[in-house]
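Thanks for making the time this morning. I would like to take you through one structure, and I will try to keep what I say close to the coordinates on the screen.

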Amino acid sequence: RHKFWETQPVGQFKDLRDASLSEGPIEPPTPISEVKQEPYNLPNLYEWVTCDLSSADTCAEVYNLLSNNYVEDDENMFRFNYSKEFLQWALHPPGYYKTWHIGVRVKSSKKLVAFITGIPARMRVRSEIVSMAEVNFLCVHKKLRSKRLAPVMIKEVTRRVHLENIWQAAYTAGVVLPTPITSCQYWHRSLNPKKLIDVGFSRLGPRMTMSRTLKLYKLPDSPVTPGFRKMELRDVPAVTRLLRAYLLQFVVAPDFDELDVEHWILPKEEVVDSYVVESPEDHEITDFCSFYTLPSSILGHPTHSILKAAYSYYNVATKTPLVQLMNDALIAAKQKDFDVFNALDVMHNETFLKELKYGPGDGKLHYYLYNYRLKQILRPSELGLVLL
Ligand code: MYA
Ligand code: JJ1
């Protein structure tokens, strides 16, 4: 069934119900000196390269590879279109390793035809803090699919992660592999229903007219919570405290410090948006919400080429009701001209999705750990992690 994944230290389907297996690393670390020192072999026409995303040229090559060959929905109507600024942000967190940004080029032409990345992260699993790699942006050019290039790329990123003495990883995929720690559902909140229907992202509901649909999804012109404002650098300590305390309730969640919050949460134009609620009385930060910008290309449409989507990221409400906070996030996203607001059913998201008129999408997102076994599959609400 899974000729590659069966050979890897990941939970196997056959062990899913075996409660006698214990929780934690599947394989022990080995001395770094015993890690393979040379890259894995690629088919002869290709070579490994380390991609420097700070170089505008390299960043443009990666952007072009992904914008033409990365993830599509099941009917190939939309394709993720991560911006260059987003890729630089996603791949340059505190402590990143440039050797984990791996490309494959055609030797003769130097054309970039495949890519995979890792970034370092501290992850808490129950009460343990585990150093991990987050692996993302695995992409093989459409013309080179099904040639077993992906397993070689995964082994090569694994080797480079091991060289930094890191032995676990977290990753997500739209496909089912051995074996998910949880399987999440995408939900979508229409902000611009006319365009979403025009491009085939959504349909007019039964017994619905366009004007009833526009009215259904209408939002106020500005956020309603007093003290709701854009997050600033001076909010990093307070947001870090709120987020750390909030994430403790989940079985798997990142262990963010102030440097991580400054990188991952502080607003960055057209990449990540974050808002805090500052109490008008005592100026305390009591709540925050955030979303990242990930447009999709609309494939083969005569008039529209880009769908502007916001993705719910980390949200913490201690005073404002979460439903109201997330309604203000929708209002802020609408004001910024997003067409749709997407969210997974992770963390406490279930408590606002239906109330705020999100509907379930046709996509699932499966979460995985590499070389770390969990006894039980988690409910999405037990997961405190959003990957980009
Ligand atoms: S998820 C996003 C993945 N990218 C896309 O979906 C973009 C469009 N698709 C493509 O570019 C290709 O179809 C890809 C596969 C590159 C996905 N994750 O080379 P192949 C297995 C893991 O012949 P291709 C993301 O970025 C498949 O089951 N494995 O196939 C997170 C089969 O193995 P097996 C996958 O279609 C990535 C084998 O590959 C995925 O030409 C996390 C077939 O290889 C997938 N998404 O290329 C990676 N799709 O026979 C794992 C297929 O066993 C990281 N496969 O079933 C693990 C941790 C590593 C670090 C560890 C550190 C300690
Ligand atoms: O965006 C997605 N689906 C959309 C579009 C479907 C188009 C036809 N296939 C969708 N739309 C319905 C919205 C509707 C709005 C009003 C209320 C009811 C709902 O369902 C899906 C997610 O649902 N996206 C994808 O399939 C993209 C791939 C997802 C897997 C991502 C893997 C990423 C790996 C990263 O590491």
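I will begin with the surroundings of ligand 2 and then move on to some of the strand pairing.

Please keep in mind throughout that this is a predicted model. Around ligand 2 there are 20 residues, and those that come nearest are Gly 174, Tyr 186, Gly 359, Gly 361 and Gly 363. The elements that each contribute two or more residues to this shell are strand E6, residues 168-173, strand E7, residues 182-190, and strand E17, residues 359-370. Of these, E17 gives the most, with 5 residues. If you are thinking about the chemical character of the shell, it divides into 7 nonpolar, 9 polar and 4 charged residues. As for where the shell comes from in the chain, at least three of its residues are drawn from domain 1, which spans 5-171, and at least three from domain 2, which spans 183-382.

Let me now turn to strand E11, residues 285-293. How many of its 9 residues are buried? The count is 8, each of those having 20 or more other C-beta atoms within 10 Å of its own, and so the strand is largely enclosed by the rest of the structure.

Which strands, then, does E11 pair with? With strand E10, residues 272-278, the pairing is antiparallel and runs over 7 bridges, and within it Val 272 has Tyr 292 of E11 as its bridge partner. These two strands form a hairpin with 6 residues between them, and in the turn His 283 has a positive phi of about 60°. E11 is also joined to strand E14, residues 309-312, by 3 bridges, again in the antiparallel sense, with Thr 293 facing its bridge partner Ala 310 in E14. Finally, 2 bridges join E11 to strand E15, residues 316-317, and these also run antiparallel; here Phe 288 stands opposite Val 316 of E15.

The last item is a separate piece of strand pairing, an open sheet of 3 strands in the order E2-E12-E13, with antiparallel pairing. Its edge strands are E2, residues 78-80, and E13, residues 306-307, each of which pairs on one side only. Between E12, residues 296-298, and E13 there are 2 bridges, in the antiparallel sense, and Ser 296 stands opposite Leu 307 in E13.

That is where I will stop, and I am happy to go back to any of these regions on the screen.

Conventions
Residues are numbered from 1 along each chain as its sequence is written. Chains are lettered from A and ligands numbered from 1 in the order in which they are written. This is a predicted model: local features need pLDDT of at least 70, side-chain atom pairs count only at pLDDT 80 or more; totals for chains, interfaces and linings use all residues. A residue is near a molecule or strand if its C-beta atom, placed from the backbone, lies within 6 Å of it. Helices (H or I, at least four residues) and strands (E, at least two) are DSSP runs, numbered from the N terminus. Ala, Val, Leu, Ile, Met, Phe, Trp, Tyr, Cys and Pro count as nonpolar, Asp, Glu, Lys and Arg as charged, and the others, Gly among them, as polar. Domain bounds come from an automatic or database domain assignment. A residue is buried if 20 or more other C-beta atoms lie within 10 Å of its own, exposed if 12 or fewer, and partly exposed in between; C-beta atoms are placed from the backbone. Two strands pair if DSSP finds at least two bridges between them.
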